[in-house]
Amino acid sequence: MAGNVLEVKDLKMYYFTSRGAVKAVDNLTFELKKGEVLGLAGESGCGKSSLGFTLMGMPTPPGKIVGGSIKIDGREIVGLPDDVLRKEVRWQKISMIFQGAMNALNPVYTIGYQMIEPLIYHKGMNKEEALDRAMKYLELVGLAPEIVYRYPHELSGGMKQRVVIATALLLDPEIVIADEPTTALDVVVQAQIINLMKKLKKELGLSMIFITHDLSILAEVSDRVAIMYAGKIVEIGDSEKIYYEPAHPYTQKLLGAIPRLHEDVERLEFIPGQPPNLITPPSGCRFHPRCPYAMQQCKEQVPELKEIEKDHYAACWLL
Amino acid sequence: MRWVDLKASIKDFWFEFRRQKGGLFGLALLFLLIFTALGAPYLTEPDIPTKWSQYWEGNPTTVPPVWYNYFTTKKLAPHEILTSNDLRITSPGEDIGGGMKYYGFEFTYENNYDFPPSDIIIRNIGVKLTDLNSPAQIVITLVRPDGIKIELLNTELREGSVYQLAKDGKVRNAVFQWASQFENPQKIAQAGETLKSTMDTTKVIFGKAQEGILTNPEALKGTYIFQVDIFTFREGDQIDLSTTETILSGRTYGFMGTDYKARDLWSGLVWGTRVSLTVGVTVAVLTVLIGIFYGVTSAYLGGWKDEFMQRVNEFWASIPTLPILILLGAAFKGHVSLWTIVFLMVAFYWTGIAKVARSMALQIKEQTYVEAAIALGAGTGRIIFKHIMPQIMPYAFAAMALNVPGAVLTEASLSFLGLGDPTAVTWGQILYDAQTQSATINGYWWWVIPPGLAITLVAFTFVLLGISLDRVLNPRLKRL
Amino acid sequence: MGYGRYITIRLLNALLVLALVTLLVSVLFTKVAEEDIRSSIQEQINLKLRSNPELQRQLAADPAKLQEWYQREYNRLIHVYELDKPFWVRVIQRTKDTLTLNFGNTKSPIFGETAVGKIISKAIPRTVILFTTAQIFVILIGLLLGVKAAQIAGSILDKGVSIVAMVTSSIPMWWFGMMMILIFSFKMGLFPSGGMTSMPPKEGFAYYLDVLYHMILPVSTIVFVLFGGWAWTTRNIMIGTMQEDFIMAARAKGVPERKVIYGHALRASAPPIVTMTIFSLLGSIGGAIITESVFNWPGMGRLYWTALQQNETRLLMGVTFVTVALYLIAMIIADLAYGYLDPRVKVGASQST
């Protein structure tokens, strides 16, 4: 397909622990079009954050890519030596916006030092040039350039998040993965960051994967949305469609659990039961133990994603 | 916590712990140590602690263990005690006229060793004399495998007489006299006195009758017969041979050899397990309990009370422990009991635990459900025991195990400085004696190696247990 | 809180601790010393009587006179040794003397001196030569191994480091020293069993070689017993740091692995490691109390042993005072270093963590 910057096919990433292999990402297939924002949502522990690092070719230990393919701009990166990945792919082609308010910044280095690192290692710039560019990007994200001389603990959560965003954009990557970029922030700052990202998307034409557990944010920023459950994508499609006409029972439940301001809801729905154990996931459809519509077939056979209307796919035996 | 939950969590714990190879090994070692400590009276003798500080009469001093023979080409005679059952009575009190009686017994010794016994001690002959001015007479004669007969001793026998043949001057004279006939007469004339005073009596007795017997005796292997003749001179004098004991002082002794007080080091090692384990575990448990109590209280009280308690903690923590323990030990010198040592160690060790416990308690206190419980009016005790303690307990168990090695090593160090409980059997003290007797320079390896290994083993056991517990119970570190 | 003010407060705090510890120790030792002095007074009087036949003859005639002479001598000496002063006055005096480094004299000469201050100033350089040297080896080896092990966590090297650390941290260092003497000195005859020089000491350059030769066994003992623990602690701190998000972030940014480890991870782990280093270096001046005794090394540790064996309470007080003072200095420097290395906390860091 032309216009795809990222094509993921049958990707499998397992964590190898003492209790067995945790199938955090299992047979995942999707693609990202140029200039598109793909939202990735699901409960915590469904494997969506694992996916972020996996796409960069560096699953968090003890995780390993077991199979499948990741193509960035047509180039296969699964199986590339780590050295090549580091020099040619990471941050150049695909960069990441971490949860900045957490610990993505090393407390003992200045902001400037941490921002110029990729410029020095990838572009071979000297310190002055690099700092110059870092300052420009800080301005782009709405921060004072002098911040380069500050230490992380001297900044507020929102400021740190902007620094992290600026750092991710420094090398003009093809793809930006935003991993829960607003989770640890308070609501007002969250809104500011969302607006910033929308602005950057418009100005720079970013292709982005936006990972969050917060569906209401996804509706704001993404063009398409993928819903993950237990290491698999259960539904993927235009965000409007997913939001207003969810096809998969899990998506419906997930949406039912969002409080909405303008609608009178008797009570918030919740999904009974707990996310499954990913070492020995349920047979058949992984959602069947919690699904109100579960049938015999759901327990026995794994449903594949099928196109239920144009560009809207879901994996459910009901459809 | 309900019983079902407890059972489930123990099961869960065991599931994780089972995977810790080090932990399982530590557990096995722990069982072994406990078994040794509890079984001490049966593995050795029950009265070891009372007689430990004395000289062990009858044992050879500073000899290696018996199994040392497996590693040397020159075999060393082990320690042997012959009782009346091993003696052959040749005359049970034959009347030889004039009120005189003759008693006789003999015993044989199979010498298969390159180094014969270091001494032959005959004692506990039951003697009852009617007139103390007229003692009985004893004659000890040796018949060697080569047929030579030597009269070793001809002397008085009284109540309580002990004959240490190797240390006896008369025996030395007799043996020297006999042996010098084989030597070059010129040498005897020149250096006779020196040779006499430096010769090893038993080596000569058990030596080949040839030139060099005095200077460099070669062992003559075979059967030696010691004949003992006793004569009494008064009517009514009685000799009872049933209590007689003959000790062939070994050049080796027991499982672990002996020290300078002729103590059986094996007994010391076994009994030392008790002290080491008791002190180590008691100190660790008390330290952790006190530390946690202090830390949690401080965190719970908060405000200026917390601040004050932290200052006190810091003050206490800034006192270096070992020098002060040494000083206090010296101040109490000579009458330190094990419990004093335990008390002193606990007094200085709780501060670190208190600090960690406080910061853990502070975090727990912030958790919503604890705040909710406080808002609902739960009492102080309930908050601490129902909410804070259960979360700190895993840390506490691991901390207890991890604190044992330090306590064990400190106790050993204090004992090694001579500051321990003088009445207790401890490994540190055995090593202290070894050090004061220059055991290392003299090569008394059996005195130096086992106690240190034992200390290391106890410490290592708890290091293994502690680290495994820590990995299982404090899962933040699980990945390590 | 300003830096200057903070240092002042820390210093005052340390002085207070020092004073209180000294007071505590003084109480103990005034008591111990009293018994000591009383028996020594008896001896002195007896000696005086025995060494003076004239006096003996005079006094032997009249028991009352003897009694009186005896009492007078006794009182005089009690006054000389200030035992007539109240207990607390003596305690305070002793505390004051110790705090002003006025440690007094020993009963018999040690290292050829009787002034405790001089004895200690002779011992410190010797301990520094031995123990500080060893400690530097320990830190270097420990750091390198620890970082390496953390880098390849789970490898054979890493497991090896853990096992060595667990075993060596269970070994009493002094016992290991005894073992070294047994093996390398007694059995193999390769190294001297103790002391700092041969007797009599050599001259010139040979002297230094001789000291080096004597250092080999004790230094290897210390290094062997301590390096594992260091490596392991370093490893654990490093692994803790390497699980932080910013390390993943640095990797994601394409920072070379070597830079990630020695730049980001090691730099972020530096505060606790540097604190440890300061403590062990300054602590080393106090000597490995028992190990020095085992090797008969005439340093600070040996002084403890000698003082205990010969009941030299003044020396014991002096040595303890110096050790405590060094420890407190180490605490302050470590605190300041921590604040310097970790930009998050400018002051008082090691207390809150």
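Q: What makes a residue of chain B count as buried, and what percentage of the 480 residues of chain B does?
A: A residue is called buried if 20 or more other C-beta atoms, placed from the backbone, lie within 10 Å of its own (exposed means 12 or fewer, partly exposed is in between). In chain B, 40% of the 480 residues count as buried. This is a predicted model, where local features need pLDDT of at least 70, side-chain atom pairs count only at pLDDT 80 or more, and totals for chains, interfaces and linings use all residues. Residues are numbered from 1 along each chain as its sequence is written, while chains are lettered from A and ligands numbered from 1 in the order in which they are written.

Q: How do you know what percentage of chain C is buried?
A: Use that neighbour count again: 42% of the 353 residues of chain C count as buried.

Q: How do you know how chain B compares with a compact globule?
A: Check its radius of gyration, taken over C-alpha atoms; the globule rule is 2.2 Å times the number of residues to the power 0.38. For 480 residues a compact globule would come out near 23 Å, but chain B has 33 Å. The C-alpha atoms of chain B fill a box of roughly 105 × 50 × 45 Å along the principal axes.

Q: And what does the globule rule give for chain C?
A: With 353 residues, the rule gives a value near 20 Å, but chain C has 27 Å. Its C-alpha box, again along the principal axes, is roughly 100 × 60 × 35 Å.

Q: What makes a run of residues a helix or a strand, and how many of each are in chains B and C?
A: Helices (H or I, at least four residues) and strands (E, at least two) are DSSP runs, numbered from the N terminus. Chain B has 15 helices and 11 strands, and chain C comes to 14 helices and 2 strands.

Q: How do you know which residues of chains A and C are in contact, and how many are there?
A: Two residues are in contact if their C-beta atoms lie within 7 Å. On that count, 23 residues of chain A are in contact with 17 residues of chain C. The largest share of chain A's side, 4 residues, comes from α3(A).

Q: How do you know how confident the predictor is about chain A?
A: Look at pLDDT, its confidence in each residue from 0 to 100. Chain A has a mean of 85, with 95% of its residues at 70 or more. Among the elements of chain A, helix α4 (residues 127-140) has the highest mean, 91, and helix α7 (residues 215-221) the lowest, 82.
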